[in-house]
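The following exercises concern enclosed space and backbone geometry. Please work through each task with the structure in view before reading its solution.

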Amino acid sequence: KFLILMDFRPQCSIKTSEITMDSRKSKILVRYDDIFSQELPDDDLYWDEIFLLKPNTEYLLDKLKGISFEQLTERKNSIRCLVDRSAVCVSNETSVAVYNACQTFVVLLEQVTSQFGLTKAIEILFDDAQRCFTAFLRRFYFFIVEPVHADLKNLSIHFSERLALLPCEDEEVLLLSSLVFTPALDVFIAVFAQSDAMGGLGRVALRSLAVLFAIVRRHDERSNPFLQKFASIHDDMALQGLAQLILEQIEVSNETSAVRISGTSEGLFSRISSIFSGPKENREVMQTNHDSTLDLPCIFIFFKSIRLNKTFVNTILTTRSSVDSTAEEKERSLLLRHFLTFCSLSFEESKGDCSLSKGRLCLLSLLRLTDDVFVQNTLHDPHNISVVSLFRPGMLHRPAIFDCKRPACTLGSTALDLITELLVSNLRIGYPLEFHELCLGIVHRILAYQKNRCIRMSHWQPLFNAMLSLMRFLLSHESKITTSIFPLCFRIIIVVNLFLTFGDTFLPSGEAYDLLYYELVRQESVFTQLNDAVERRLAKDDKSPDWEMAGRVKNHLVNPSIIINTVKEKIAATGENLEQEQIIDLIRASFETLSLKLYDGLTTVAPYDDSVHAPLFNQISIGLETEAVKRKVTDGVFDYPRLVENLSSIQN
């Protein structure tokens, strides 16, 4: 009897538990059936009970998938009642009922939208869609700014992103932007303004904001309320918080890459770490928690912010380190400084799509920054001297290194060193010519600023030779390059003429100007190659844009040709093999007889054109949306038993 009792009691206990679980499960299923079969009571207790039960999303989805638009329309009163009661629950509760109501509402909205489209879904589900969405998002904002449990804050960010990911056609993006994106921006900005934004919540908000920017690409930004609202943000705390989050991600990404490239020995680690700010313990914790998948969304947000919000540009010029930087580290902890290092490291692996996208965004961001006169002032501030480490890719004559022993210089000089390195280390077939074009655009902007302000550059020769090496590479491999090389050659020859015409205003000395002419003569073969390529193209008189570009290159070859021919004639007249100093003396003696052409607009940079880079933004946006859709499965994001435990003791 004792053995039988022992056998019987466990079986009885299991069956009782199963009956209880089935009862709970069937109760929510009965409520779902009621919604699609009968009028629902206007009873607060009835609805309170629904939102205290865990949603059964699979059953709800099955019910929705098996219903037609006409049947759904017939039941719209009950469904609208469910939607309205969900909003009421979220607006008044701080318990697990918030999650239950949000999950029920969002799953219902997602499925109806995917079946019948956003416009019809709004027509069926809402009496007043604007009021309902505003109720949810205002409550999410409340959870962010008030001292509530962290789970409620995480729920707010998660469901804000879920609402933004509602499937919609391109013509419906403006509607979704008005209903969701604009009020959701307040939620994210509130996160950035919080003092604890440096934690995981700030990174989640940063990733979600990138998704919003990705979706609105499908609508004209000039009339998009979300982009207009973002552009008008002047909250210093919020923008500073956003800049700090970006700085934190970039700074830790830089150190992680530096250690990987240079090795992990203690001495080397200490030397590398010394260039980054903050206590060693904080850096190690951040490096351990570093999420490399956030690099692309982070730099995407950085680009969008400097492009749209002028106040943000001013903010990043004074951003301090997010890792407890001290007062004396303020100048060397600028976001710009770490951004330049990040730019060099973004080309460490330039074969993958993600690395190429990061590289493009980095160059586009730097191009946009050099368009801003206040940024240029900071780049060339003689009181803002710092050591900025750069990654130098491996080449035939050297291994890949993370150079943390560069001399201290202005950020403008560092930017030119970065561009020089990118030009000389990426002379290979298959490397996007667009990258070289962006690099030359950055160089042109910096040199034009230096010319206008008479700022002397310290290392001009590596940059000048890098541009000529690029032109030689293009001419030598013209048959293997699928696009025309003349637009890029034109950009190079423009900068060469800027050197020749105004070099006395930004080169370090008169001797450097003499040496510039010597370099031109020494590398005459590249100009001869370019002239021959231009003549061949002009011989095909097809009046095409490429033919016209070749003609423009021909026009800007006048000055280099005059200098080279004049000096060569004088060298030939001596009948001797002259040394470098003797040739430079001949160049000095020729200045009075040289008659160079003065070109208009040498310091006028080509305007930035967004449409040229539309494929890049589409590729990045699609990738961000795809990743966000994978994160939509809430069961993999939140631990429901833990939610119940954490939120059960919270009072309304």
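**Exercise 1: The lining of the largest cavity**

Task: Determine how many nonpolar, polar and charged residues line the largest cavity of this predicted model.

Solution. By class, the lining comprises 2 nonpolar, 4 polar and 1 charged residues. To assign them, begin with the full list: Ser 413, Leu 416, Asp 417, Gln 450, Met 457, Ser 458 and His 459. Leu and Met count as nonpolar, Asp counts as charged, and Ser, Gln and His fall among the polar residues. Next, consider the secondary structure: helix H21, residues 411-424, gives the most to this lining, with 3 residues. Finally, consider volume: the largest cavity has about 50 Å³, and the model holds 2 cavities of 30 Å³ or more.

**Exercise 2: Positive phi at Cys 454**

Task: State where Cys 454 is placed and whether Cys 454 is buried or exposed.

Solution. Most residues other than glycine have a negative phi. Cys 454, although not a glycine, has a positive phi of about 55 degrees. Its place is the loop between helix H22 (433-453) and helix H23 (461-476). The relative accessible area of Cys 454 is 52%; exposed means over 50%, so Cys 454 is exposed.

**Exercise 3: Positive phi at Lys 543**

Task: Apply the steps of the preceding exercise to Lys 543, beginning with its phi.

Solution. Lys 543 is not a glycine, yet its phi is positive, at about 55 degrees. Lys 543 lies in the loop that runs between helix H26 (524-539) and helix H27 (545-555). With a relative accessible area of 53%, Lys 543 is exposed.

Methods:
Residues numbered from 1 in each chain as written. Predicted model: local features only at pLDDT ≥ 70, side-chain atom pairs only at ≥ 80, totals over all residues. Heavy atoms only, no water. 1 Å grid on protein atoms, 1.4 Å probe; cavity = no way out; pocket = protein on both sides within 12 Å on 5 of 7 lines; lining within 4 Å. Points joined across faces, edges and corners; volume = space filled by probe spheres on them. Helix = DSSP H or I, 4+ residues; strand = E, 2+ residues; numbered from the N terminus. Buried < 20%, exposed > 50% of the residue type's maximum accessible area, 1.4 Å probe, protein only.
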